[in-house]
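Reader: Please explain how the descriptive terms are applied to the structure shown here.

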Amino acid sequence: MLKQRVITALILLPAVFLLLFKLELEIFSALVIVVVYLMALEWAKLSGIHKSVYKSFFALAISMVNIAIWYFSERIDVWPSLSWPHHFKHDLPLVFLLLSLPVIFLAIMIVLSFSKNNQWWQNDYFKGALAFILLPALYVSLVSVRNQGYLEGDFYYGGKLVLFMLLLIWAADIGAFITGKLFGKNKLAKVSPNKTWEGAIGGLFFTCLVGWSGISALGLNVANSIEYMIIILMIGIASVFGDLFESALKRAANIKDSGNLLPGHGGLLDRLDSTITVAPIFYLSFSYFELFNV
Amino acid sequence: MTSNNIPQHVAIIMDGNGRWAQLRNKKRTFGHKAGVEKAREMVEACGKKGIKSLTLFAFSSENWSRPEDEVNYLMELFVLALKREVKMLNKNGVKLQFIGDISRFNKKLQASILEAEQQTHNNSSVRLNIAANYGGRWDIVNAANQLKKELTSSQVITENDLAEKLSTQGLPELDLMIRTGGEKRISNFLIWQAAYAELYFSDKLWPEFDENELDLALADYASRQRRFGKTGEQIVD
C-alpha cells in the first residue's frame, strides 16, 4: 500500500510542477476548475448522492459557481480584489474567500464535537451546501496565490508559493505519519483512530521547519518572526483539521476512501482535504500581514 | 468654509508611493497598489466636497531602474482601478479623461484607456483627469504644433489660442496644486495651467494622505487671498 502510494506520488509530482511552473495563469485556473469538479464528484458521494447522474449535476453546479466567479470578476491576475489588503471592496472572489472562514470554523466544530450519537450536522443538504462555499474558495485561493507577482512581471513566483503551501501540508502529513509510527500512543480524535497526539505534534514541528526555511527561499517579508511562526502553526493546525473533517464526512457516510482516482491515496478529496482548509487561510493571512515578496 | 472658498479645479502630484513601500520593506509596486487605492479614496472625497475637476499625476521622484516598466505597471493599475469604478463614476456623473502622450503605452493599455474614457463619455458634473506620461512642456509644445498646422505663418497667436489646444482644454482654471511626499517642485506638471494656482506641499507620503490631510490643504487654500496678479488693494475693491 505504501509502495503504491509513493509511486503515485512520484508520477503526480511532475504534473504538479508543470501546473505551477510552465502553464499560464488562465490555463492553471481552468485546470483547477477541472480538479475541483472531480473533488466535487467525490463530495457528492459524501453528501449522500449515489446516482452518478446526480453526482455529475452536483459537481457541474459547483463548476458553474467557479466559472461564474471567473466570468463576472475582473482579470484573474489581480484576484481576489485589486484593493485587497489596502481596502475592503466586495469583489466576488474575495467574498468567497472570506465566507470560507466561518465554514472552516464550522468544519472544526464538527470535528471537535464528533461522536457516533451526536451528529447535529448530519444532513445531506447541509453537507452539500458546505461544498458550495469551500470548493469555490479553494479555487479562488489557489488562483490568488498563483497570481502573486504577475503584475510585477514575475510569472512563476506564485507557483513557488503554491508549492510552499503544499509543502507545509505535506510536512504536517508525512511528519505526523513518521512521528506517529515511532512514538504514537495517545489517540488524537475519535473520528480518525489511527491518528495520535504524538504524530500531530510531530507533524506541526515539521510544518514549522518548512515554514522557517520558506522565509529565505521565497524572500518572505517577515518583520516579526513570532507572528509569522504563529501563522505557520495555525496553517499546520488547519491542515490537521482539514484531514479530520473529511474523515468525519466519510465516517458519517460509511465510506473508506472518497474515491479511487489515485492508487494508494484513495480519491482526490483524500489527498486534497487539508488543502481545502489551508488554502484560504494561507492566502488571507499571508496577504493581510503583507508576507508575500511582491 | 463657504462654497466660494472651495477650489473648482485641484491637481495632485501623488508622490511617495515607492518610499512608503520601502519603509515597510516592500517592493515599490506594493506602494503603487496602495497609492492607486488612495487615489480612489481621494476621488470620492473630492466629489463630496464639491470640487468640480480633479487632476491626478502619478509621480515618482526616485530614480526608476526600469522606468518604462514601472510607468506601464502604474498606468495598468490605474486603468484597472478606474474600470471597476465605472458604475460609481457614472452614478456620480464623473467624466474620466487621460491627459498626456498615451501613444507610448502598449496597444492593449491604450485600448483600455480609450474604453474607460468612452464608458464615462456622457457625464459632465465632475471631471477626473489622469495624467499619464504627461509633461507640462510636452503639453505646450504639442499645442504649439497643432496651432502651427492651423495657422498661416503671419498670424499672431494669443494665450487663448494656445490654451485651447492644451490637454486641459474645457476644464476649469486650476486653483490649487497639491504635492505630497515632501518635495517642493512642480516637476513639469501643469506648468502653464499653474500660473495662478495656489501651491500646497505636504510632507505626507501619498499612501498616507487621507481626507483629513485634504481638509488641511483646502483650509489652507481658503485662508489665502487670491489675487490673480493684482495687488491686495485691488482685490478689496
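Author: On one side of helix 3 of chain A, Val53(A), Tyr54(A), Met64(A), Ala68(A), Tyr71(A) and Phe72(A) are exposed. This is a predicted model, in which local features need pLDDT of at least 70, side-chain atom pairs count only at pLDDT 80 or more, and totals for chains, interfaces and linings use all residues. Residues are numbered from 1 along each chain as its sequence is written, and chains are lettered from A and ligands numbered from 1 in the order in which they are written.

Reader: What makes a residue of helix 3 of chain A buried or exposed?

Author: A residue is buried if 20 or more other C-beta atoms, placed from the backbone, lie within 10 Å of its own, exposed if 12 or fewer, and partly exposed in between. Phe58(A), Ala59(A), Ile62(A), Asn66(A) and Ile69(A) of this helix are buried.

Reader: Why are they said to lie on the same side of helix 3 of chain A?

Author: They cover an arc of only 90° around the axis, and therefore fall on the same side of the helix; the arc is that of the directions from the helix axis to the C-beta atoms.

Reader: How do you know that the span of helix 3 of chain A agrees with its 21 residues?

Author: The expected span is 1.5 Å times one less than the number of residues. For residues 52-72 of chain A that gives 30 Å, and the end C-alpha atoms are 30 Å apart, so the two agree.

Reader: Which helices do the buried residues of helix 3 of chain A pack against?

Author: They pack against helix 2 (25-46), helix 4 and helix 5 (124-146) of chain A.

Reader: What is the class make-up of the contact of helix 4 of chain A with helix 8 of chain A?

Author: Ala107(A), Ile108(A), Ile110(A) and Val111(A) in helix 4 meet Phe241(A), Leu244(A), Phe245(A) and Ala248(A) in helix 8 of chain A. This contact (C-beta atoms, placed from the backbone, within 7 Å) has 8 nonpolar, no polar and no charged residues. Ala, Val, Leu, Ile, Met, Phe, Trp, Tyr, Cys and Pro count as nonpolar, Asp, Glu, Lys and Arg as charged, and the others, Gly among them, as polar.

Methods
Two residues are in contact if their C-beta atoms, placed from the backbone, lie within 7 Å. Helices (H or I, at least four residues) and strands (E, at least two) are DSSP runs, numbered from the N terminus.
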